[in-house]
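User: I should like to understand how the terms used for a protein structure follow from their definitions. May I ask about them one at a time?

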Amino acid sequence: MTSLVSVVLPTCNRAGLVGRAVASVLAQTHRNLELIVVDDASDDDTAAAVAAFSDARVSYLRQPRRLGAAAARNAGIARARGDFIAFMDDDDFWLVQKLEKQLGALHAAGPEAGWCVTGCIRLDRQIDYIGGARHDALRYADGVGPEGPDWSLIATPGWLLRRDALARAGTFDERIRSWDDWELGLRLARVTRRILVDEPLWIQDWQAGSGLTRAERARANDLRLIMEKHGSLWADRPRVAARHWRVIGRAESLYDPAPAGRAALLRSVRLWPWQVKAWAALAVSLLGQRRVHWLTQQIRRLKNA
Amino acid sequence: MRDVNPRLSVILPTYNRAALLPRAMASVLGQTLGDLELIVIDDGSTDGTEAVVRSFADPRIVYLRNERPTGDANARNAGVARARGEWLAFQDSDDEWVPHSLARRVELAQRADARHAAVGSALLRVTPRDIELIDWPLSDARATEGDVDAPRFIATGRAYLQSVLVRRAAFDALGGFDAAFRARSDVDFCLRLVRHHGILATADVLALSFETDGGLSLDPAFRLSDMKRLFERHADLLTADPAVHSRFLYDLGRAELACDRRLAAARNALRAIAIAPDELRKFALLALTPFGARGLAAAAALRRGPGSPS
């Protein structure tokens, strides 16, 4: 496959980590790529960190002032020459065959499939595989619906897009702070077919900086605001509303002192009692993290014995 | 071109894994730290492995071939015999390194002192059912980098060579891998290493180890003899701490049960529980002993769920 893939990497003040992301792109088995690093007006040594790579496939462009990730991605898209577009985040990294496998899948699926996502391993307080078969997001008809974001299938580092599909969907909405990827995903789902390569091909590193865990907590806040403003949208779909409340409750119970989160979780199970995850989160909230960790460790050892 | 000695030698033994090998090799050759030699030891493969290796056409590759399989330990030792690097890294054909793996380990090696014979890092063990983080227990449990806590490492009963970088001099002094072990030569090697040396480790995830169901298709009798030999060699290390001792007895009991030696399995399970009745699986093993090897296989199949390969 000799298709040119344009990889857009927006970055801001991650000079210590961005090298890792860049290296994982340059190490891809699919060699025909260009990496466009868009520096969102960093105050640190990001420029130097990128310049340290003497690979001709790397280009660096700096935003005139900090305009946010969506604008940075759009700036990168404007410069892209490839028939395929991929994105990268500065604190994550790809495994070496990611582009090769996604390109293969898109070529096999044909031109009406313009969007490929892939599973990832999330490094957080625990290690999780986020992918299709084991993940409930793709049980929804088009995988991306008004139901809500699936955090990691929506994460752009897992995407590979045909250029024409992206052109039909439009660019990232620069007014949206946290979920510009979900929002573009909604538009993409309308114009093209999405396929999944269900294996771990990249690593989403949520341990890389406390900034990200704060983001998880902040996103839960955003979701709470959305529920308060637009909750009626889901009045006839209690299952979806329940899921949102579960996400809110879980984040609150994890990051705020007890008994935070329980009200939201209770609200979730009252709306839709058939949620193992919500009950589990409630149990964790009531029992305490340490006891639950011991229990899950025992079960895991039993399973892997 | 080849007269510059690489600082790092990567040892990759392989046997009939031609389909997976490209991923393992690509992740080594694509490292940000490129000053290495990759020694691939083809241990008697019959699936076109040679053609796969040659297709990479990278001058850093050294290809060795054994016409007949000689086993992991011998294959790795043969690779090391050809190595010119000051540090040794090990890769398996179903593994993958992250692109900054060597750079990070070398960075750590530069901070290592004379006490340290190796540096280590964390890795992700990916099975069809689970992803597990395997890291080196550190003396300072809350740190992200530091000296490995040898007793707690011994307690894990596992060793993952993909996560270490070993000084060549230390490897030679330790006598390399012991071919008397059919499957656990890496565990034996690491135990010998921690007896006399320190390991400096980081919590960074630098490698992934992919395992398919079925794991080692090794004869249970060999696995049992490996465990017994480990115990003979390292009894002092393995019995020093009750938790470690108990855990080892559990592993031994399980190996006995796989060979249908029910009485021996029950005895070891009971001893494990008597020393440290702290884990559910020890009781589960005891309960399984009357059912022999078949019971063990059935329990494993149950855990894996319906519709999966046995």
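User: How many salt bridges does the rule find across the interface of chain B and chain A?

Analyst: The rule finds zero salt bridges across this interface. Please note that the model is a predicted one. A salt bridge requires a side-chain nitrogen of Lys or Arg within 4 Å of a carboxyl oxygen of Asp or Glu. Between chain B and chain A there are, however, two residue pairs in polar contact.

User: Which parts of chain B supply at least two residues each of the side that touches chain A?

Analyst: They are the helices H1 (21–29), H9 (242–258) and H11 (280–288), together with the strands E6 (116–126), E7 (131–134) and E10 (198–210) of chain B. In total, 29 residues of chain B are in contact with 26 residues of chain A. The area buried between the two chains is about 2400 Å², and carbon and sulfur atoms give 65% of that area.

User: What makes the pair Arg20(A) and Asp205(A) a salt bridge?

Analyst: The N to O distance between their side chains is 2.9 Å, and the cut-off is 4 Å; therefore the pair meets the definition of a salt bridge. Arg20(A) lies in helix H1 (residues 15–26) and Asp205(A) in strand E9 (residues 193–205) of chain A, 185 residues apart. Both Arg20(A) and Asp205(A) are buried.

User: Why is Glu132(B) called buried?

Analyst: Its relative accessible area is 12%. Buried means under 20%, so Glu132(B) is buried.

User: Why does Arg158(B) count as partly exposed?

Analyst: The relative accessibility of Arg158(B) is 29%. Partly exposed covers the range between under 20%, which is buried, and over 50%, which is exposed; Arg158(B) therefore counts as partly exposed. Glu132(B) and Arg158(B) form a salt bridge, with their closest N and O atoms 2.6 Å apart.

User: Why are Arg115(B) and Asp113(B) called partly exposed?

Analyst: The relative accessible area is 49% for Arg115(B) and 32% for Asp113(B). Exposed means over 50% and buried means under 20%, so both residues are partly exposed. Their side chains meet in a salt bridge at 3.0 Å, N to O.

User: Why is Leu295(A) counted as partly exposed?

Analyst: Leu295(A) has a relative accessibility of 42%. Since exposed means over 50% and buried under 20%, the conclusion is that Leu295(A) is partly exposed. Leu295(A) is in helix H11 (residues 289–304) of chain A. Together with Trp294(A) and Ile299(A), Leu295(A) makes a nonpolar surface patch of about 300 Å².

Notes
Residues numbered from 1 in each chain as written. Chains lettered and ligands numbered in written order. Predicted model: local features only at pLDDT ≥ 70, side-chain atom pairs only at ≥ 80, totals over all residues. Heavy atoms only, no water. Patch = residues over 30% accessible without salt bridge, like charges linked within 9 Å, V, L, I, M, F, W, Y side chains within 5 Å. Areas by Shrake-Rupley, 256 points an atom, 1.4 Å probe, with all protein chains shown as cover. Helix = DSSP H or I, 4+ residues; strand = E, 2+ residues; numbered from the N terminus. Buried < 20%, exposed > 50% of the residue type's maximum accessible area, 1.4 Å probe, protein only. Contact = heavy atoms within 4.5 Å. Buried area = accessible area lost by both parts, 1.4 Å probe. Polar contact = N/O pair within 3.5 Å; in protein donor to acceptor, adjacent residues only side chain to side chain.
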